[in-house]
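Here is a friendly walk through one structure, with an eye on how its parts pack together. Have a look at the sequence and the coordinates, and then we can start with a single residue.

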Amino acid sequence: MEGSNFLKEAQDLIKKEEYSKAQSLLLKHAFSPGQSSQDYFEWGKLAEELQLYEEAIRLYNKAYQFNPDNSQILLA
């Protein structure tokens, strides 16, 4: 899944403190179709870490649409 590969890359960039590159990946690929609920949730956590709060909310909502019973998503 293409989005998942970019998610892993963005997570690695944050670990390396390359925030602008991670932000660029997030804005380009976080909303790609065909990802799992967990992927959208993880993108949301990254968006929060990058202080992209509007995107985080949208990503959490997208994750919720696919899995409304997941308490982890509800708490986010």
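Leaving aside its neighbours within four places in sequence, which residues is L26 in contact with? In this predicted model, the partners of L26 beyond that sequence window are W43, L46, A47, L50, L52 and E55.

Several of these names come back when we turn to the nonpolar core. The largest nonpolar core has 19 residues, and the members that touch the most others are L26, W43, L46, A47, L50 and L59. Two or more residues come from each of helix 1 (2-15), helix 2 (19-29), helix 3 (37-49) and helix 4 (53-66). Helix 3 supplies the largest share of this core, with five residues. As general background, nonpolar side chains in soluble globular proteins tend to be buried together.

Now for the helix pairs. The table puts the two packings of helix 3 side by side.

| Helix pair | Angle | Axes | Handedness of crossing |
|---|---|---|---|
| helix 3 and helix 4 | roughly 165° | within 8 Å | left-handed |
| helix 2 and helix 3 | about 140° | 11 Å apart | left-handed |

Let us take helix 3 and helix 4 to begin with. Their axes come within 8 Å and cross at roughly 165°, so helix 3 is roughly antiparallel to helix 4, the cut-off being over 145 degrees. On the helix 3 side the contact is made by S37, Y40, F41, W43, G44, K45, A47 and E48, and on the helix 4 side by Y53, E55, A56, L59, Y60, K62, A63 and F66. Sorted by class, that contact has 10 nonpolar, two polar and four charged residues.

Helix 2 and helix 3 come next. These two helices pack at about 140°, with axes 11 Å apart, which means that helix 2 is oblique to helix 3. Here L25, L26 and H29 of helix 2 meet W43, L46 and A47 of helix 3. The classes in this contact are five nonpolar, one polar and no charged residues. L26, our starting residue, is thus listed in this contact and also among the core members that touch the most others.

One more residue of helix 2 deserves a look: is S24, which lies in that helix, buried or exposed, or does it fall in between? S24 counts as partly exposed because its relative accessibility is 30%, and the partly exposed class runs between 20% and 50%. S24 and A10 are 14 residues apart in sequence, and their C-alpha atoms are 8.8 Å apart in space.

Note on methods. Residues are numbered from 1 along each chain as its sequence is written. This is a predicted model: local features need pLDDT of at least 70, side-chain atom pairs count only at pLDDT 80 or more; totals for chains, interfaces and linings use all residues. Side-chain values use heavy atoms; hydrogens and water are left out. A nonpolar core is a set of buried Ala, Val, Leu, Ile, Met, Phe, Trp, Tyr and Cys residues joined through side-chain atoms within 4.5 Å. Buried means under 20% relative accessible area, exposed over 50%, partly exposed in between (1.4 Å probe, protein chains only). Helices (H or I, at least four residues) and strands (E, at least two) are DSSP runs, numbered from the N terminus. Contact means heavy atoms within 4.5 Å. Axes are lines fitted to C-alpha atoms, for helices over the stretch in contact, and angles run from 0 to 180 degrees between N-to-C directions. Angles under 35 degrees count as roughly parallel, over 145 as roughly antiparallel, 65 to 115 as roughly perpendicular and the rest as oblique. A crossing is left-handed if the near helix is turned anticlockwise from the far one by less than a right angle, and right-handed if clockwise. Ala, Val, Leu, Ile, Met, Phe, Trp, Tyr, Cys and Pro count as nonpolar, Asp, Glu, Lys and Arg as charged, and the others, Gly among them, as polar.
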